[in-house]
Amino acid sequence: MAYNFYEQSEFIRMLIIAIIGAVIGFITYEVVYYLNPFSPKSTLSWIVAFVIGVARQHALHRCFTFLYETDYFKSLCRAYVVDLGALLYSSGLNWFLSEILNFNHRLTWVFCLLSTALISWMFLKKYIFKS
């Protein structure tokens, strides 16, 4: 019997897409970090990878998590509004952890990802992809 992704509950689909997005997001961050010549390297790389990730995650959730139609650009704009607050908070956290406490940039990425994932999860269905 073939596995049908869309037969899973919305929560399970959201979780699977979040994990896939986190893996892709980490790869994106590593590439940006490697190519980034500017300082503070960890924080600037986080910001660039985060901005790229908002559009990517929005597209993934729109295609695979939420089965009802929403206006693409309206929901993308709402995603950037929500994630602007998350970006400001997580950039400060990233700077503090990497520059002040001297945490490894990958560990800092994990802490920032977890904090922004919680913020995004709270707003994802009720605001960004509201029907």
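**A pocket among four helices**

The largest pocket in this predicted model has a volume of about 710 Å³. Its lining is made of 30 residues, and those that lie nearest the centre of the pocket are Ala 18, Gln 57, Leu 113, Ala 117 and Ser 120. Four helices contribute to this lining, since H1, H2, helix H3 (72–100) and helix H4 (105–128) each supply at least two residues. Sorted by class, the lining residues of the largest pocket comprise 19 that are nonpolar, nine that are polar and two that are charged.

The arrangement of the helices can be followed pair by pair. Two packed helices are described by the angle between their axes and by the distance between those axes. For helix H1 (residues 10–35) and helix H2 (residues 41–65), the axes come within 8 Å and cross at roughly 150°; because angles over 145 degrees count as roughly antiparallel, H1 is roughly antiparallel to H2. The crossing of these two helices, H1 and H2, is right-handed, and the contact between H1 and H2 draws on 14 nonpolar, eight polar and four charged residues.

Moving on along the chain, the axes of H2 and H3 come within 9 Å and also cross at roughly 150°, and H2 and H3 are therefore roughly antiparallel to each other. The crossing of H2 and H3 is right-handed, and by class the contact of H2 with H3 holds 13 nonpolar, eight polar and two charged residues.

Two of the loops deserve a look at the level of the backbone. Most residues other than glycine have a negative phi, and most peptide bonds are trans. In the loop between H1 and H2, where Pro 40 has its place, the peptide bond that joins Ser 39 and Pro 40 is cis, with omega at about 0°. In the loop between H3 and H4, where Asn 102 is found, the phi of Asn 102 is near 60°, which is a positive value in a residue other than glycine.

Aromatic side chains add a further kind of contact, and the count of aromatic pairs in the model comes to nine. One of these pairs is formed by Phe 5 and Phe 64, whose rings are 6.2 Å apart from centre to centre with 85° between their planes, an edge-to-face geometry. Phe 5 lies in the segment before H1 whereas Phe 64 belongs to helix H2, so this pair ties together parts that are 59 residues apart in sequence.

Terms used. Residues numbered from 1 in each chain as written. Predicted model: local features only at pLDDT ≥ 70, side-chain atom pairs only at ≥ 80, totals over all residues. Heavy atoms only, no water. Axes fitted to C-alpha atoms, helices over the stretch in contact; angles between N-to-C directions. Parallel < 35°, antiparallel > 145°, perpendicular 65-115°, else oblique. Left-handed = near helix turned anticlockwise from the far one by under 90°. Nonpolar A, V, L, I, M, F, W, Y, C, P; charged D, E, K, R; others polar. 1 Å grid on protein atoms, 1.4 Å probe; cavity = no way out; pocket = protein on both sides within 12 Å on 5 of 7 lines; lining within 4 Å. Points joined across faces, edges and corners; volume = space filled by probe spheres on them. Phe/Tyr/Trp six-rings, centres within 6.5 Å; stacked < 30°, edge-to-face > 60°.
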